[in-house]
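This report describes selected elements of a protein model. Please consult the sequence and the structure shown below alongside the text.

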Amino acid sequence: MKKFVLPFILLLSIFGYAKVEMPLLFADDMVLQRNKPIPVWGWADANEKIEVSFNGQKVKTKANKDGKWSLELKAEKAGGPFTMTIKGKNTIQIKNILVGEVWICSGQSNMEFAVSGVTNAEQEMNDADYPQIRQFLVAQDMSAQPKSHLKQGNWTVSNRDNVGDFTAVGFFFAKKLYKELNVPIGLINTTWGGTCVETWTSKEGLSKSDEFGKYISNLPDLDLEGVIKEQKAVIAKKIENIQGKILSEEELGKVTTLEFSDSTWPTMMLPDAWENQQLPNMDGIVWFRKTFEVPAHLAGKPFILNLAKVDDVDVTYVNGVEVGSNSQYDVSRKYSVDKGVLKEGTNVVAVKVTDYVGGGGIYGDPVDLKVTVGDIDISLAGAWKFNVIDVRYEFSPNNYPSLLYNAMLNPLMPYSFQGVIWYQGEANVHRAEQYKTSFPLMINDWRQQWGQGEFPFYFVQLSSFNEFNGNSNSGSRWAELREAQSYTAQTVSNTAMCVTTDIGNAKDIHPTNKQDVGKRLSAIALRNVYGKNIVCESPIYKSMQVEGNQVTVTFEHTGSGLMTPDRYGYVKGFELAGQDQKYYYAKAYIKDNKVIVYCDNVTSPVAVRFGWADDAGDCNLYNEEGFPASPFRSDTWKTITTDISYKVMR
């Protein structure tokens, strides 16, 4: 009798082919939120029966007609490790699960900033063996429509080898919580540098807003792939108009040498990101060249090449000799070069810069772009020749609303967690006044979309960075954004703000002291969520009273009392203005837990400001517990960002 063999496809249709699939969040080493119901969900065949077992619990459900299923486990106490078993037509086992405290860590680059880049990074990584602290790193992705699946992501256990990739603010926050609570801590790191708040907000949330609805309601559906293809062509044409043809292979082989002629190349002022100059919205590879003169008595000597910072990767040559390379976008390049490379007369530095995403080029402080021979510096700041040899166009998440919400937040829902820590705002400083609307809107949108009530939302006020040299009289976008953050903390329930103006870096938008940022955020959580009897907030402006030529300023959250570490007792950062609305630096001192402010140039003061500048690093007013006072203004005069509003980039 002849055997009848069913075709393989028919076998699949009879016995079923779809496997139960879990979100990437549900994986080995995961951390589940304690003391709250535990949502579990996934995908399977339509109507497939599903059973989930966890720590003695067993719950059954069935996939709907679209193959989506979900259920809820009862709340669990902190502990572990446990195993979760999911059974359908196949079986999945998830191992080494802990139950503890889960926090979402989100925002732009200062939350993305990794432990490997912090002050004393080696020491911190050597003290990172905390197997009960774990991070889930969400891969960067964007989408025009809400996604159900993450692009990529995995849980990682904190140890010497892994912690370098943890969010630094999140890690130091988690480390303090773990030591105080002695329960597992899970961090979900969903961050993207340089991104504005609108891309982290759902289209639904924006549409409901009077402020943003007018921009959102008439937006067409975005063809992301089509836009990227079109923009690549536009950028390529623009580059051709700027520099002409792309270099040939023969020319590329000589580009590092002194003999190569770059006379036809365009020029760019360095240090500064190329996005701020001729190459906006471009990622790719660019050659930079700079000639400099060396006197006879320095020729042939060893030297140090300071190349400021390079975003992202550089390969650097002097007179055709490779002298160094680095792939960390936020690290200053400092290359020591042996004798024999420098020549009398004209020399050339050639740098091949590769930028993968975001800002690109050679950036930083002009004093850090130089050749140093002994104790003599030869500045390299100024005009450099440049030539683009490859273009990578990445559509910016800021070009269209909700792109990161759709791809990096929506797939996380409805995972249970305790709260959010957030560090963002630098990308919104040009629209700082509108941030008073957009930031609370995002917080409330997350709460509504997640369906876990008014969960704690704690955020970092912008640190000190002298981006525009802004101040009270010329206007300060950074001060206005800080004010919008203070407004949010005062008007949105269950939020709190961590002040960091004293631990910033006037010359670097990415200050490396993330330890204190994490500790200050943890103090807020330890008091507000976990009931610790500690002071956790910075002094906040309450009121002012004018008496003659003096202003008495009263603060809230003074803790054990106001103080200044200045040995003479002088408080820095205050300014006074009269009816002419012109501010002058003022003298200030602490008396009876208030600050007395006066200024010889303002005999009839009507308004006071504190820390109203891009760089507020000189401010030195604290409470006794070490929390710095938040910048503020008492006036309501028009600011420089008042009339600037959000527009969708095309």
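Helices, counted as DSSP runs of H or I with at least four residues, and strands, counted as runs of E with at least two, are numbered from the N terminus. The model discussed here is a predicted one.

## Helix 7

Helix 7 comprises 20 residues, 224-243. From its first C-alpha to its last it reaches 28 Å, close to the 28 Å expected at 1.5 Å a residue. Directly after the helix comes Gly244, whose phi is positive, near 85°.

The buried residues of helix 7 are Leu224, Val227, Gln231, Ile235, Ile239 and Gln243. Viewed down the helix axis, these buried residues fall within an arc of 105°, so they line one face of helix 7. In general, an α-helix has 3.6 residues a turn, so residues three or four places apart point the same way. Strand 21 (382-392) is included in what covers the buried residues of helix 7. On the face turned away from the buried side, helix 7 carries the exposed residues Lys229, Glu230 and Asn241.

## The six-stranded sheet

Strand 21 also belongs to an open sheet of six strands, arranged in the order 11-21-12-17-14-15 with antiparallel pairing. Strand 11 (267-270) and strand 15 (321-326) stand at the edges; each has a single partner strand, so one side of each is left without a neighbour in the sheet. From one strand to the next, the twist averages 30°.

Within this sheet, strand 14 (residues 313-318) and strand 17 (residues 345-355) run antiparallel and are joined by six bridges. Val313 stands opposite Thr354 of strand 17.

## The four-stranded sheet

Another open sheet consists of four strands in the order 29-28-32-34, again with antiparallel pairing. Its edges are formed by strand 29 (583-585) and strand 34 (632-633), each with a single partner strand, so one side of each lacks a neighbour in the sheet.

Three bridges connect strand 28 (residues 574-577) with strand 29 in the antiparallel sense. Ala577 has Tyr583, in strand 29, as its bridge partner.

## The surroundings of His510

His510 lies in the loop between strand 24 (495-498) and helix 12 (515-528). The relative accessible area of His510 is 10%, and His510 is therefore buried, the cut-off for this class being under 20%.

Leaving aside residues up to four places away in sequence, His510 touches Ser109, Asn110, Phe113 and Tyr329.

Notes
Residues numbered from 1 in each chain as written. Predicted model: local features only at pLDDT ≥ 70, side-chain atom pairs only at ≥ 80, totals over all residues. Heavy atoms only, no water. Pairing = 2+ DSSP bridges. Axes fitted to C-alpha atoms, helices over the stretch in contact; angles between N-to-C directions. Expected span 1.5 Å × (residues − 1). Buried < 20%, exposed > 50% of the residue type's maximum accessible area, 1.4 Å probe, protein only. Arc of directions from axis to C-beta. Contact = heavy atoms within 4.5 Å.
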